[in-house]
Amino acid sequence: MLDKINKLIAEISGFSVLSPDDLELFRLKFLSKKGYISELFDDFRNVASDEKKELGQKLNQLKQQAQERYNYLKDSLIQTQKTSRINDITRPAYPWNLGSRHPISIMRNDIISIFERIGFTVSEGPEIEDDDHVFTKLNFAPEHPARDMQDTFYISRLSTEDSDPRDILLRTHTSSVQVRVMQAQKPPIRTISPGRVFRNEAISARAHCIFHQVEGLYIDENVSFADLRQTLLFFAREMFGKKTEIRLRPSYFPFTEPSAEMDVSCTICGGKGCNVCKYTGWLEVLGCGMVHPAVLEACNIDSNKYTGFAFGMGIERPAMLKYQVNDLRLYFENDIRFLEQFRTAF
Ligand code: PHE
């Protein structure tokens, strides 16, 4: 009997399982009523009484070992089943919830990629600026209305009466970035500056106190108004379609001379007249002009040698046209039901 017990001990400790069937086999073989161990307990009745003590202990030990091995094999089987479920390459994938780009980002990226194709770089600058970069270097007279508290969010003002170039404020346009580029680089300069700007305006369906702009600057020898026109025509046709026409109307900005507003033929009716273009056939898109010599000089660029053009546009309005959004506030509310509609647009 001792022999049999030792054989069973060896068999139990060497037993391994790959499936629940193997585990059941182990249970039937060793632990069930008709298994080997029960059989040995039956035989135990016939063992001579002087051997009973030693064999009894051995037999109990065998039974305990079989039970422990069974528990161990069962646990490890559950464990391997769990990991193999994780590694199951045939299992269908989880439906990942992909995000979508914000319509303002889509529009900004479109504008950037058009200008990048004709050699413009992208420059960025701080949103918290000083008066010098936002106004003074751009030829704004000290009493210019744009510096007024009604338009500009001031963070710290050194004097309430006169503007001071050290006043700290939120930039009202990204032309301030162009001042920084002109101060830091020598011509030729060909750059666009996308960014967020701030103006103290009442919030409505058509206006917001925070909005986005892309402004452009090109400075080199012999840059002319014709170059500006061609660049803008290229942009308009890439952005709004090959048939788009542009129109330049005289305008005024302190930092450009001459200055113009650019209109594009209405993207909705193609110029025939509709309620979007208020039956004029044209939509106002951007401001532009030749950089004022006083601006070049203020940024240490020789205005006898170099000329340049600049332009600037808001992103919200063209994006409203493109996506037929009729309330600008939707861009800032981040309502997921609004944003999800741009899921397929990259
Ligand atoms: N900075 C002007 C604005 O914010 C736009 C502009 C830029 C106009 C460059 C002319 C030239 O309205």
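Analyst: Before we start, helices are DSSP runs of H or I with at least four residues, strands are E runs of at least two, and both are numbered from the N terminus. We're looking at a predicted model, where local features need pLDDT of at least 70, side-chain atom pairs count only at pLDDT 80 or more, and totals for chains, interfaces and linings use all residues. Residue numbers run from 1 along each chain as its sequence is written, and side-chain values use heavy atoms, with hydrogens and water left out.

User: Let's go broad, then. Into which domains is the protein chain divided?

Analyst: Domain bounds come from an automatic or database domain assignment. Here you get domain 1 (2-86) and domain 2 (103-342). Taken over C-alpha atoms, the centres of domain 1 and domain 2 are 83 Å apart.

User: Now the sheet. In what order do the seven strands come?

Analyst: Strands of a sheet pair through backbone hydrogen bonds, either parallel or antiparallel. Two strands count as paired if DSSP finds at least two bridges between them. In this model, seven strands make an open sheet, and its order reads β1-β5-β6-β10-β9-β8-β7, with mixed pairing. β1 (121-122) and β7 (246-253) are the edge strands: each has a single partner strand, so one side of each has no neighbour in the sheet.

User: Which residues pair up between β6 and β10, say for Gln-213?

Analyst: Gln-213 has Gly-314 of β10 as its bridge partner. β6 (residues 210-220) and β10 (residues 307-314) are antiparallel over eight bridges. Carry on to β9, which is joined to β10 by five bridges, again antiparallel; there, Met-290 is partnered by Phe-309 in β10. Then β8 (residues 256-265) meets β9 through eight antiparallel bridges, with Ser-265 bridging to Trp-282 of β9.

User: Is β9 mostly covered or uncovered?

Analyst: Strand β9 (residues 282-291) is mostly covered, with eight of its 10 residues buried (under 20% relative accessible area, 1.4 Å probe, protein chains only).

User: Last one: what volume does the second largest pocket have?

Analyst: A pocket is an open set of points on a 1 Å grid over the protein atoms alone, with protein on both sides within 12 Å along at least five of seven lines; lining residues have an atom within 4 Å of a point. This one has a volume of about 210 Å³ (the space filled by probe spheres set on the points). Of its 14 lining residues, Ile-104, Ser-105, Arg-108, Arg-196 and His-212 are the closest to the centre. α5 (103-117), β5 (189-198) and α11 (330-333) each give two or more residues to the lining, and α5 has the largest share, four residues.

Key. 1 Å grid on protein atoms, 1.4 Å probe; cavity = no way out; pocket = protein on both sides within 12 Å on 5 of 7 lines; lining within 4 Å. Buried < 20%, exposed > 50% of the residue type's maximum accessible area, 1.4 Å probe, protein only.
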